[in-house]
Amino acid sequence: MRALSVSELNAQIKSLLEATFLQVSVSGEVSNFTHHSSGHLYFTLKDKDSSLRCVMFRGNATRLRFQIQEGMNLVLQGAISVYPPRGDYQLNCISALPSGIGELTLAFEQLKESYKSKGYFENKKPLPKFPKKVALLTSNTGAVLHDMLRVAQKRWNLVEFIVLNTLVQGEGAKESIARNIAVADTLGFDCIVLARGGGSLEDLWAFNEPLVVESIFSAKTPIVSAIGHEPDITLSDFVADLRAPTPSAAMEILLPDKNEWLMNLDTIENTLNERFSRVIQMKFHRLQKQAFLLDKNPFFNELDRVRQNLENYYLFLEQKIQHKISLDSLRLQSPNLQIHLAMQRLLARKSMQLESSKMQLESKNPKNYQKNGYACVLRNGKKIQCLAEITPHTILELQDNSATIQAEVKKVSLNECKER
């Protein structure tokens, strides 16, 4: 028999194993788990007596809905492959399922713990007490929308609903939900309601997607999650500001009851009327008591007596003053009569002197001279004080009451004015 080289033996083993174990299913516990930066997953699957090296390449790893973790029990589907340079064989995993628990259930629990540790389930925004404008993110063809609007109309008809048609299941649902949340968050709504009917965990999975969870957490507008029936739980319920057991219940929680508020208003009105009546009655009794005390208080009677005395004193004083003024007036008129007459004579004399001075002053008025044929001589608008200052060819202005004329000096003859 010809001896085989190591490479030949490994090659034959590779062909035999890979042809024999082309599709296998194996279960065990995960250990030595490594998530490589390339996206490949490397780990060992073991039981109490043996172990098996495993690899899941990135293409298959991206299809997992849960995260493989150390110590997890898995059922792996794949094929045996051999690495000839080392003679090692491993399981090339195509898919993985949790052992004893559903894949989606495990993925849900893992995501829930992850977001809880990040604080996504805390710091809830308060819902408006009386919302005026609400966005409904649901399918506009389903019965859910009709049920919500019916309940809303019965409870509170002072709210405006805007329906954003949203894909709530299947391919593209998570993108549709996240997109409409972002749009509604910019339109000034008082509240956003995410709603859809009941279904299996897989049907509702779009509301567990990280894209949707991140959109709800990032929204500034309060969000109500009304997904499925009461037993149905999604991650949207945890991260939303309020979880409603059903879409119809969301309307009952979000909107006030108009009948209840009408009764409350009646109660408030009656309470106010009763309290106001009691206050008025109490004030009236207090006023009556104070009036009675004032009537009985001797201090006020004494005050009235003093006031009357003051009025009498005032009248008496006024009469005395008038009498005194009259006596003094008569007394002054008699001895000062001569002084009064002397003053009158002095005033008459001074009036005559004043009239004389006025007549003298009026006689000196240049206007009077102009009336008698005299004219005022001006040069450049100024009066001439002495004609000797004038030289031949000077232009002069002659002015009287009737006109102003210009004249040119032809000759100047000096007289006594010049000498002086």
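In what order do the five strands of the open sheet stand? Following the sheet across, you meet β7, β6, β8, β9 and β10, in that order, and the pairing is parallel. Keep in mind as you explore that this is a predicted model.

**The open sheet and its helices**

Let's begin at the edges of this sheet. Strands β7 (160-165) and β10 (242-243) each have a single partner strand, so one side of each is left without a neighbour in the sheet. Now look at β8 (residues 191-196) and β9 (residues 223-227): these strands run parallel and are joined by five bridges. If you want one residue pair to find on screen, try Leu194, whose bridge partner in β9 is Ser225.

Helices pack here too. Helix α8 (residues 247-254) touches β6, β7, β8, β9 and β10 as it packs on the sheet, and the direction of α8 makes about 160 degrees with that of β8. Helix α4 (residues 143-155) lies across β6 (133-138), β7 and β8, and α4 runs at about 155 degrees to β6.

**A set of antiparallel strands**

Next, find strand β11 (residues 376-379). Which residues of β11 are on its covered face, and which on its uncovered one? Cys376 and Leu378 make up the covered face, while Val377 and Arg379 make up the uncovered one.

Strand β11 pairs with β12 (residues 382-383) and with β13 (residues 395-399), as this table shows:

| Strands | Direction | Bridges | A residue pair |
|---|---|---|---|
| β11 and β13 | antiparallel | three | Leu378 and Glu397 |
| β11 and β12 | antiparallel | two | Arg379 and Lys382 |

The hairpin of β11 and β12 has two residues between the strands. There, Asn380 takes a positive phi near 55 degrees.

**The largest pocket**

Finally, let's visit the largest pocket, which has a volume of about 730 Å³. It is lined by 31 residues, and those closest to its centre are Leu64, Arg65, Lys174, Trp205 and Glu209. Which elements give two or more residues to this lining? They are β1 (24-35), α2 (58-61), α3 (103-117) and α5 (173-184). Helix α3 gives the largest share, with four residues.

What kinds of residues make up the lining of the largest pocket? Twelve are nonpolar, eleven are polar and eight are charged.

Conventions: Residues are numbered from 1 along each chain as its sequence is written. This is a predicted model: local features need pLDDT of at least 70, side-chain atom pairs count only at pLDDT 80 or more; totals for chains, interfaces and linings use all residues. Side-chain values use heavy atoms; hydrogens and water are left out. Two strands pair if DSSP finds at least two bridges between them. Contact means heavy atoms within 4.5 Å. Axes are lines fitted to C-alpha atoms, for helices over the stretch in contact, and angles run from 0 to 180 degrees between N-to-C directions. On a 1 Å grid over the protein atoms alone, a cavity is a set of points where a 1.4 Å probe fits but cannot get out, and a pocket is an open set with protein on both sides within 12 Å along at least five of seven lines; lining residues have an atom within 4 Å of a point. Grid points are joined across faces, edges and corners, and a volume is the space filled by probe spheres set on the points. Ala, Val, Leu, Ile, Met, Phe, Trp, Tyr, Cys and Pro count as nonpolar, Asp, Glu, Lys and Arg as charged, and the others, Gly among them, as polar. Buried means under 20% relative accessible area, exposed over 50%, partly exposed in between (1.4 Å probe, protein chains only).
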